[in-house]
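Open the structure in your viewer and set it to a cartoon view. We will go step by step, with something to select at each stop.

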Amino acid sequence: MRTVTAIMAPPASKARQAFLRDVLEGLQGHPKRLQSKYFYDATGDALFQQIMHCAEYYLTRCEMEILETQSAAIVATIRAVVPQADLVELGAGDASKSVHLLREWMRAGMGHRYYPIDISGNIIRHLQNKLPDVLPGLEVHGLNGEYMEMLAQSGQTAGKPRLVMFMGSSIGNFTPEEATGFLSEVRRQLRPGDFLLTGFDLQKNPRLILDAYNDKQGLTRNFNLNLLTRINRELDADFLTQQFLHYPTYDPGTGACKSYLISLRDQAVHIGGTVVRFRKDEPIYMEISQKYTPEGILQLAASCGFTPIRNFTDEKGWFTDALWQAK
């Protein structure tokens, strides 16, 4: 059975206004910054798919190994607590990893409803068109919009307990303080007994980590610069992308891996009628990819209202998918 339902994103004019507001607030602040959620237009989606498969970006391979080899164990762990549940995924992407868990989920009779949530309408359309063919019988209820709003929507329609998936080290896109706030809000959207499966990139050799965000092909560089191109296209701006340098850093003391775009000269950029000035060598803070220790993961669960159930880790011990239950 093919079921494809979607909740539409806000009208284009409203989305553009929010985009313009966020860009101007970020670039008129001190220091300048842009929100990483805006990376994902059609070009950004395609670039990120390439990044996930490039040699230096180990995260995808590590989590793929976990889900290919341990999905049955994840499902069995949850099934020991609840007989059935609905699957909700925050930032579903192309579901190339989560499809392994979905397959085991259906095989074990845990349910057949899947709620992928993504800010990218391109991703939701792709999942709705392709996934029911890959997994016959799966009901795909695509939710296109902001995470918390759509998570609340899934709670209104889901009659069973939920397993919420937040994979691919997406939690690393927040500082530890922001992650605490985000996961606490996720907890408020859940019922006691619901589950959360979250991917964490673990602290390891600093060179391995830094190389993952500075690949030889320049894919991550292009991914960051594409946001400037998107601002040009959608917000009537005139960034010269060749006048910005992609610069990633990693601090092994804090586990923070950050990416910046550095202005290569004094310049003025027009954005929707507003002039934003850049000094030579001034950075734009683009994104963070926070790396965790096992102890830090346990502390995060406790501070956000969850009970840790089990960690599922790849063979090298580089990445873990942590299963928690809402208290």
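The tour starts at one strand, moves to its neighbours and ends at a pocket. Keep in mind that this is a predicted model.

**Stop 1: a covered strand.** Select residues 113-118, which form strand β4. Is this strand mostly covered or mostly open? Five of its six residues are buried, so it is mostly covered.

**Stop 2: the neighbour on one side.** Now add strand β3, residues 86-90, which runs parallel to β4 and pairs with it over four bridges. To see one of these contacts, pick Leu90, whose bridge partner in β4 is Ile117. Next, show helix α4, residues 98-107: together with β3 and β4, this helix makes a right-handed β-α-β unit.

**Stop 3: another partner.** Select strand β5, residues 139-144, which is parallel to β4 and joined to it by four bridges. Here, look for Arg113, whose bridge partner in β5 is Glu139. Then bring in helix α5, residues 121-134, which completes a right-handed β-α-β unit with β4 and β5.

**Stop 4: the largest pocket.** Turn on a surface view and look for the largest pocket, which holds about 1200 Å³ of space. Which residues should you select to find its centre? Ser36, Tyr40, Tyr147, Ser170 and Asn173 are the closest to it, out of 49 lining residues. Elements that give two or more residues to the lining include α2 (42-52), α3 (58-79) and β12 (283-290). Finally, colour the lining by class: you will find 24 nonpolar, 15 polar and ten charged residues.

Notes: Residues numbered from 1 in each chain as written. Predicted model: local features only at pLDDT ≥ 70, side-chain atom pairs only at ≥ 80, totals over all residues. Heavy atoms only, no water. 1 Å grid on protein atoms, 1.4 Å probe; cavity = no way out; pocket = protein on both sides within 12 Å on 5 of 7 lines; lining within 4 Å. Points joined across faces, edges and corners; volume = space filled by probe spheres on them. Nonpolar A, V, L, I, M, F, W, Y, C, P; charged D, E, K, R; others polar. Buried < 20%, exposed > 50% of the residue type's maximum accessible area, 1.4 Å probe, protein only. Pairing = 2+ DSSP bridges. Right-handed = clockwise from strand over helix to strand, strands pointing away.
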